[in-house]
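Q: I have not seen this structure before. Could you take me through it step by step?

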Amino acid sequence: MSEDFLPIKGMDHVEFYVGNAKQAAHYYRTGFGFANTAYSGLETGNRETASYVMSQGNIRLVLTTALGPDSPIARHCYLHGDGVGVIAMQVDDAASAYAESTHRGATGAIPPTAVEDEYGVLRYSAIRCYGDTIIKFVDRSDYNGPFAPGYTARNGVEVAGNGRYKGVGLASIDHMVGNVELGAMDRWVDFFAQTMGFSQLLHFDDKDISTEYSALMSKVMQNGNGKIKFPINEPAEGKKKSQIQEYLDFYYGPGVQHVALTTGNIIETVTQLQANGIDFLRVPTNYYDVLEDRVGKIDEPIDKLAELGILVDRDEEGYLLQIFTKPVEDRPTVFYEIIERHGSRGFGKGNFQALFEALEQEQALRGNL
Ligand code: FE2
């Protein structure tokens, strides 16, 4: 198909539904270096929810909590724990995105809507994605307010309280991974292909993922201009319980497994994150003994990567550096990846075995193996 019927300009934001947005905002600020740039809640006339927009580089996370038990957001938290409720992308025409996707079989979640305040008109719509996740189409072309009507600007410096705001160098969202039930991966591959015009990344097919090591199957879907990448995992039969199944058991259904955030200097970023108390998965140290044989020459000192636990992978296009946090809530569900790309557009399949071993240890500690 030559014409992209659903042109997407890029990610707009990712909205988490959380049990306590005020405390989550503190964690994302002191842990991950985000600044609170906008707020909606009782003080702004919002009687239903409280939302904190957390910004760093081009990344915007929105942390939303319900102010009462009858809200669908309260229900989402009750069922799933803290998790991603909304994946929002920027488009030029939210009504067209809705019409084109629902016409092709997507289920509508929010019909085309326009909300207005003194900063202009914000237009959006949404369709249903896996589990209780929705995909939102946001058109900001006629809006220049802090975030959306109902929000007030918040100065990250003021909220930080120490007179200084400093991020950790996180720049953009690289990809977002969804976990779906056994047997459902191809249905969601078809969903992204048929209703949103995404295509499957060809260099990353079933055979690339060794299910013996990772006990998962994965396919990567990307949009027409390649800016949006959504890998989709399903559990695979392995010797032990799949980490995807562990997620599904504790999230009570499909949902976003991890969000990968880019940095231009992973050594500095991870040094800062670790100093801030963020916990990362650690692979066995012998990983680094054979690293240079596996990936060849890289710019970064290997002893420094080993000290921080940063992983490396290489393909025909270049290399990448990556590291994964432990789950960021008590349920073993959502986590983050920090990634720095040097040409490689892959996802680090060469690290699956080492990661699987590290994950198995964590699963065993949780009694979930
Ligand atoms: Fe990833």
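Q: Which residues have the most contacts inside the largest nonpolar core?
A: This is a predicted model. Its largest nonpolar core holds 83 residues, and Phe 16, Tyr 28, Phe 192 and Met 196 have the most contacts inside it.

Q: Which helix gives the most to this core?
A: Helix H5, made of residues 185-196, gives the most, with 6 residues. The core also draws at least three residues from each of domain 1 (10-160) and domain 2 (170-366).

Q: What is Met 196 in contact with, leaving aside neighbours within four places in sequence?
A: With those neighbours set aside, Met 196 is in contact with Phe 5, Leu 6, Ile 8, Met 89, Ile 127, Ile 135, Phe 137 and Phe 191. Another core, of 17 residues, lies apart from the one just described; among its members are Val 86, Ala 126, Ile 134 and Phe 147.

Q: Why do such residues gather?
A: In soluble globular proteins, nonpolar side chains tend to be buried together.

Q: Back to helix H5: is Ala 193 buried or partly exposed?
A: Ala 193, which has its place in helix H5, is partly exposed, because its relative accessible area is 30%. Not counting neighbours within four places in sequence, Ala 193 is in contact with Phe 198 and Met 221. Its C-alpha atom is separated by 8.8 Å from that of Gln 222, and the two residues are 29 residues apart along the chain.

Q: Now the metal. Which residues are the protein donors of the iron ion?
A: The iron ion has His 175 (NE2), His 258 (NE2) and Glu 337 (OE) as its protein donors, lying 2.0 to 2.2 Å from it. Their spacing in sequence is H-x82-H-x78-E. His 258 belongs to strand E14 (residues 255-263) and Glu 337 to strand E17 (residues 335-342), so this pair ties together parts 79 residues apart in sequence.

Q: Are His 258 and Glu 337 buried or exposed?
A: Both His 258 and Glu 337 are buried.

Q: Where is Thr 333 placed?
A: Thr 333 is in the loop between strand E16 (318-324) and E17. With a relative accessible area of 2%, Thr 333 is buried. Its side chain is joined to that of Glu 329 by a polar contact of 3.3 Å. Leaving out residues up to four places away in sequence, Thr 333 touches Asp 82, Tyr 247, Phe 250, Tyr 251, Gln 257 and Pro 327.

Q: Different topic: how many salt bridges does a search of the whole structure find?
A: The search finds 15 salt bridges. In one of them, the side chains of Arg 140 and Asp 12 meet at 2.7 Å, N to O. Arg 140 lies in the loop between strand E8 (134-139) and strand E9 (152-153), while Asp 12 is in strand E1 (residues 10-17), so the pair ties together parts that are 128 residues apart in sequence. Arg 140 and Asp 12 are both buried.

Q: Which residues are linked with them in a network of salt bridges?
A: The network links Asp 12, Arg 60 and Arg 140.

Q: What about Glu 246 and Arg 366?
A: Their side chains meet in a salt bridge of 2.8 Å, N to O. The pair links distant parts of the chain, with Glu 246 in helix H7 (residues 243-251) and Arg 366 in the segment after helix H11 (352-365), 120 residues apart. Glu 246 is buried, at a relative accessible area of 3%, whereas Arg 366 is partly exposed, at 30%.

Methods. Residues are numbered from 1 along each chain as its sequence is written. This is a predicted model: local features need pLDDT of at least 70, side-chain atom pairs count only at pLDDT 80 or more; totals for chains, interfaces and linings use all residues. Side-chain values use heavy atoms; hydrogens and water are left out. Donors are N, O and S atoms within 2.8 Å of the metal (3.2 Å for Na, K and Ca); water is not among the atoms, so sites may look incomplete. Helices (H or I, at least four residues) and strands (E, at least two) are DSSP runs, numbered from the N terminus. Buried means under 20% relative accessible area, exposed over 50%, partly exposed in between (1.4 Å probe, protein chains only). A nonpolar core is a set of buried Ala, Val, Leu, Ile, Met, Phe, Trp, Tyr and Cys residues joined through side-chain atoms within 4.5 Å. Domain bounds come from an automatic or database domain assignment. Contact means heavy atoms within 4.5 Å. A polar contact is a pair of N or O atoms within 3.5 Å; within protein, one must be able to donate a hydrogen and the other to accept it, and residues adjacent in sequence count only if both atoms are side-chain atoms. A salt bridge is a side-chain nitrogen of Lys or Arg within 4 Å of a carboxyl oxygen of Asp or Glu.
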